[in-house]
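Let's take a look at a protein together. Have a scroll through the sequence and turn the structure around a little before reading on.

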Amino acid sequence: MSAPVGDALHASLDGGEPVAASPADWEQAAPRVARYLRALGVRDPRDLERLSTAIRARFEHQVETSLVADAVETGIEEASKLLDEWLASELGPDAPGSMRGVARAVVLGGAVPGWVGVWSGRTPHPIDQPNAQTGERIRAGSLAPVPALAPLAMTTQRIDPCCHRLFRRLARRLRGMRPGSPAGSLSRRATLGQSR
C-alpha cells in the first residue's frame, strides 16, 4: 500500500474517528487483549507476554494488509484465531471441523492442565504429564457431540386415521348407489324440505 493511500485511510473524516486502524493502535487494543487472554485462563505473566507478542505481530500484519475499522475487535479476533490455529495443529489435519469446537471447550474447561504453557510455547508438554502429547489429552477429554447411530428395534404398525375409515365407508356407500337406484338415506336427506 502506498504511503499517500495509507495516510488517506488513516486520516480523520471531518474531525471524526479515524477511518481505519493502524499498527500504532496496538496500544489501545493491548489492555483488552490481555483481559481476553486472562479470561481464557492465561495466568502466568510469561505466557501472557509470549502470547501478546504473537498476537501483536498478527494484529500489525492485519491492519497493514486489510482495512480494519476497530483495533480492539481486531486484536481479540487475532487472539481467538491464534487459539484455533494452535488447537488445529495439536489435533492434526485429520480432525473433523466439529472437533475443533469441542477441543476449545475441553481446554477452556480445564480438562488439560498446563495447556496454556504449551499454547504459548513456553513448555513442550502439559506440566502434570511430561510425556503426553497435548492433542491426545484434548481428544481424551472430548466427548462426541452426537451419539453414534443406533437403530431401534420396533415393530411396524399401520397408521389408520379415523377420517380415513370414515372416507372408506362413505365411498363404499356411494359406490353401492347406481343411477336410477331407489332413493337411499343420502337422497332422502338431499330432498328433505323440497317436497313441501
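## The outside

Let's start with the surface. The accessible surface of this protein adds up to about 13,600 Å², and 57% of that belongs to carbon and sulfur atoms. Keep in mind that what you're looking at is a predicted model.

How much of the protein is buried? Of its 196 residues, 29% count as buried.

## The overall build

If you're hunting for strands, you can stop: the protein has nine helices and zero strands. Reading from the N terminus, the elements go α-α-α-α-α-α-α-α-α.

Now for how the chain meets itself. Take the contacts between residues at least 6 apart in sequence: 57% of them join residues at least 24 apart.

## A positive patch

Which residues form a positive patch on the surface? They are Arg32, Arg35, Arg38 and Arg43. To find one of them, Arg35, go to helix H2, which covers residues 26-40.

## Zooming in on Pro23

Next, find Pro23, which sits in the loop between helix H1 (3-10) and H2. Is it buried or exposed? Pro23 counts as partly exposed because its relative accessibility is 25%, and that label covers the range between under 20% for buried and over 50% for exposed.

Pro23 also has partners from elsewhere in the sequence. Leaving out residues up to four places away, Pro23 touches Phe59, Glu60, Val63 and Glu64. Take Glu60: Pro23 and Glu60 are 37 residues apart in sequence, yet their C-alpha atoms are 4.9 Å apart in space.

Technical notes
Residues numbered from 1 in each chain as written. Predicted model: local features only at pLDDT ≥ 70, side-chain atom pairs only at ≥ 80, totals over all residues. Heavy atoms only, no water. Patch = residues over 30% accessible without salt bridge, like charges linked within 9 Å, V, L, I, M, F, W, Y side chains within 5 Å. Areas by Shrake-Rupley, 256 points an atom, 1.4 Å probe, with all protein chains shown as cover. Salt bridge = Lys/Arg side-chain N within 4 Å of Asp/Glu carboxyl O. Lys, Arg positive; Asp, Glu negative; His and termini not counted. Charge placed at Lys NZ, Arg CZ, Asp CG, Glu CD. Helix = DSSP H or I, 4+ residues; strand = E, 2+ residues; numbered from the N terminus. Buried < 20%, exposed > 50% of the residue type's maximum accessible area, 1.4 Å probe, protein only. Contact = heavy atoms within 4.5 Å.
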